[in-house]
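Trainee: I have a model open and would like to walk through some of its local geometry with you. Could we go through it piece by piece?

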Amino acid sequence: MLKANVPTQTWDYIIVGAGSAGCLLANRLIRAGYSVLLIEAGKQDKGFWLHLPVGYFKTIFDERYSRLFTIQPQAETGNRKLIWPRGRVLGGSSSINGLIYIRGQHADYDDWERAGATGWGYEDVLPYFKASECYSGADNYFHGKTGELGVSNLRNDDPSCDAWLAAAKEFGLPFNRDFNGETDYGVGKYQLSIKGRWRSSAAEAFLRPIEGISKLTVLINSMVSKVIIENNQAIGIECISNGSINRYYCSAEVILSGGALQSPQILQLSGIGPANLLRQHEITIIHDSPEVGRNLQDHYQARTIVQLKNKVSLNNQVRNPLGLAKMGIDWLFMQKGPLTVGAGQVGGFAKTVYAKDDRADIQFNVMPLSVDKPGDPLHPYAGFTVSVCQCRPQSRGELQIQSVNPFEQAKITSNYLTAEVDIKTLVAGLEMSREIYQQKSFRNLWHVEKLPSTMPLETFARNHGGTVFHPTSTCRMGSDSMAVLDPKLRVNGVNNLRVIDASAMPSVISANTNAATIMIAEKGAALILTEN
């Protein structure tokens, strides 16, 4: 048995996970004068593709930078073993994601407050979105200009994307100049987490500026195995590095920012979770918290693909040496072009017949290319892709540890499309996508539908869909007795322990989750500092 090493130093705060939330928390606590130990299971965020905006295409499924979680097969999605990649590098998933900066609907946060997350309504959280943001566009009520996270308007013009926007307007969707403004409804161009010509990851935005401060210690390649709890109080953590067990202690709080998959796993390994599950693995029960690992939500997408007639797709352009050279010049000297794009250039939000409360329930992500999945070769034809996903799925999954080994991933059951409204909404969105393709501005640009082709839409959605990389809500906050966290993100039943990341969301927001995760960390830091 390995003997645990106990360093003599004690920090004020220990933060587990140097991702979107952890990097910001470290920044705010260090700036306030506290000492911080930041622990990351992955490695340094070194590598050109991690920093080039379009580089997500190469890194998101690359196991050098990403941990690939296997989801339990289920009949509703064709009994396939779907993969959820999560960043395993400084910056976490903000270092490998598709860069879309979008906050979701105002009503998402008002829903949180109504569900018991007191103080998390839209007007409450807007200042925390703005605090971290350095928006390069025009100054207005909805955006911040002085934060560290670079947020940029789209810097690539593509004629087929412009044609799709025109077709969507002909279909009846209004043009929306700012999805982060008054409303998300309509179609337009996405904002991206970019500063200059580079990705603005949480590591670049929040960690780089404080790396030289002596009160910050960063440990990489270190897997946390549990929180150390004595007398119902978190006092430190145990982690494994280079085959050795190490224990580190803090005087204030332990903060878990491992994300929606690993924060609940660490809680369960520490004795906080469903009592029956903990007994099964002979873990001492510190606090019976049945919802740790439950309430799991994720956006599920299905991608429609058509073949363009004029071969202006990026599928063709990247195979042209002159085209590639121009892309490089545009990126290097003008900070624009295809190398600055993310996982959606344009897109938008629409309402199906299943929409409630006059809110959009479908999101479109549009790209002038096609591929089976990021990292695979682009298709040999001139492909054009419109991804369709449901904004607020009703299906709920679950995460449970499979052993006391922290390196073994938890058993993850997504339960995608088990709620009938989820598949009905997705099919309605696919029908809508087909109708937009047929509008005057777009219908003469393409000649073959590659997907779904002749497949029935429900069959296609179930057998060809997959994640949009947005797992949330496995440690939900609330005011009820079953909530894992209280509205100040403190773990119920244990003192001096918080969870601050996407797992705290009472319900998944109606769009990409990275901006909201950073906001949760900003507000979480303020809650901590207000108490001190």
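Mentor: Happy to. Keep in mind that this is a predicted model. Let's begin with a pair of strands: strand 20 (residues 346-350) and strand 21 pair in the antiparallel sense over five bridges.

Trainee: Which residue in strand 21 is the bridge partner of Ala350?

Mentor: Strand 20, the partner strand here, covers residues 346-350, while strand 21 covers residues 362-367. The two run antiparallel. The bridge partner of Ala350 in strand 21 is Ile362.

Trainee: Which residue of strand 22 is the bridge partner of Asn365?

Mentor: Strand 21 also pairs with strand 22 (residues 383-390), in the antiparallel sense and over six bridges. Within that pairing, the partner of Asn365 is Ser387.

Trainee: How many residues of strand 21 are buried?

Mentor: In a regular strand, side chains alternate between the two faces of the sheet. Here Ile362, Phe364 and Val366 point one way, Gln363, Asn365 and Met367 point the other way, and all are buried. So strand 21 is mostly covered, and the number of its residues that are buried is six of six.

Trainee: Gln363 caught my eye. Is Gln363 buried or exposed?

Mentor: Gln363 is found in strand 21. Its relative accessibility is 1%, and the cut-off for buried is under 20%, so Gln363 counts as buried.

Trainee: Which residues make polar contacts with the side chain of Gln363 through their own side chains?

Mentor: Leaving aside neighbours within four places in sequence, Gln363 is in contact with several residues, including Gly348, Phe349, Ser387 and Val388. Two side-chain pairs are polar contacts: one has a distance of 3.2 Å and involves Tyr190. The other, at 3.1 Å, involves Asn512.

Trainee: What about the loop before that strand: is Asp357 buried or exposed?

Mentor: Asp357 sits in the loop between strand 20 and strand 21. Its phi is near 60 degrees, a positive value in a residue other than glycine. Most residues other than glycine have a negative phi. With a relative accessible area of 66%, Asp357 is exposed.

Trainee: And Asn232, which also has a positive phi: how is its accessibility classed?

Mentor: Asn232 is in the loop between strand 13 (222-230) and strand 14 (233-241). Its phi is about 65 degrees although it is not a glycine. Its relative accessibility is 35%, so Asn232 counts as partly exposed.

Trainee: Staying with strand 13, is Ser225 buried or exposed?

Mentor: Ser225 has its place in strand 13. Not counting residues up to four places away in sequence, Ser225 touches Glu238, Cys239, Leu269 and Pro406. At 8% relative accessibility, Ser225 counts as buried.

Trainee: Where is the cis peptide bond, and what is its omega?

Mentor: Most peptide bonds are trans. The cis bond here leads into Pro452, which lies in the loop between strand 25 (446-451) and helix 14 (457-464). The bond joins Leu451 and Pro452, and omega is about 5 degrees.

Trainee: Which elements do the buried residues of helix 14 pack against?

Mentor: The buried residues of helix 14 are Leu457, Phe460, Ala461 and Arg462. They pack against strand 19 (300-308), helix 12 (420-437) and strand 25.

Trainee: Now the helices. At what angle do helix 5 and helix 15 pack?

Mentor: Helix 5 covers residues 122-132 and helix 15 covers residues 514-531, with their axes 8 Å apart, and the packing angle is about 100 degrees. That makes helix 5 roughly perpendicular to helix 15. By class, their contact has nine nonpolar, one polar and two charged residues. Among the residues that meet are Val125 and Phe129 in helix 5 and Ile518 and Met519 in helix 15, and the angle you asked for is about 100 degrees.

Trainee: Last one: which strands stand at the edges of the sheet with the order 6-7-9?

Mentor: Three strands form this open sheet, and the pairing is mixed. Strand 7 (residues 149-153) and strand 9 pair in the antiparallel sense over two bridges, and in strand 9 the bridge partner of Asn153 is Gln191. Helix 5 lies across strand 6 and strand 7, running at about 65 degrees to strand 6. Each edge strand has a single partner strand, so one side of each is left without a neighbour in the sheet: these are strand 6 (133-135) and strand 9 (191-192).

Methods: Residues numbered from 1 in each chain as written. Predicted model: local features only at pLDDT ≥ 70, side-chain atom pairs only at ≥ 80, totals over all residues. Heavy atoms only, no water. Buried < 20%, exposed > 50% of the residue type's maximum accessible area, 1.4 Å probe, protein only. Helix = DSSP H or I, 4+ residues; strand = E, 2+ residues; numbered from the N terminus. Pairing = 2+ DSSP bridges. Axes fitted to C-alpha atoms, helices over the stretch in contact; angles between N-to-C directions. Parallel < 35°, antiparallel > 145°, perpendicular 65-115°, else oblique. Contact = heavy atoms within 4.5 Å. Nonpolar A, V, L, I, M, F, W, Y, C, P; charged D, E, K, R; others polar. Polar contact = N/O pair within 3.5 Å; in protein donor to acceptor, adjacent residues only side chain to side chain.
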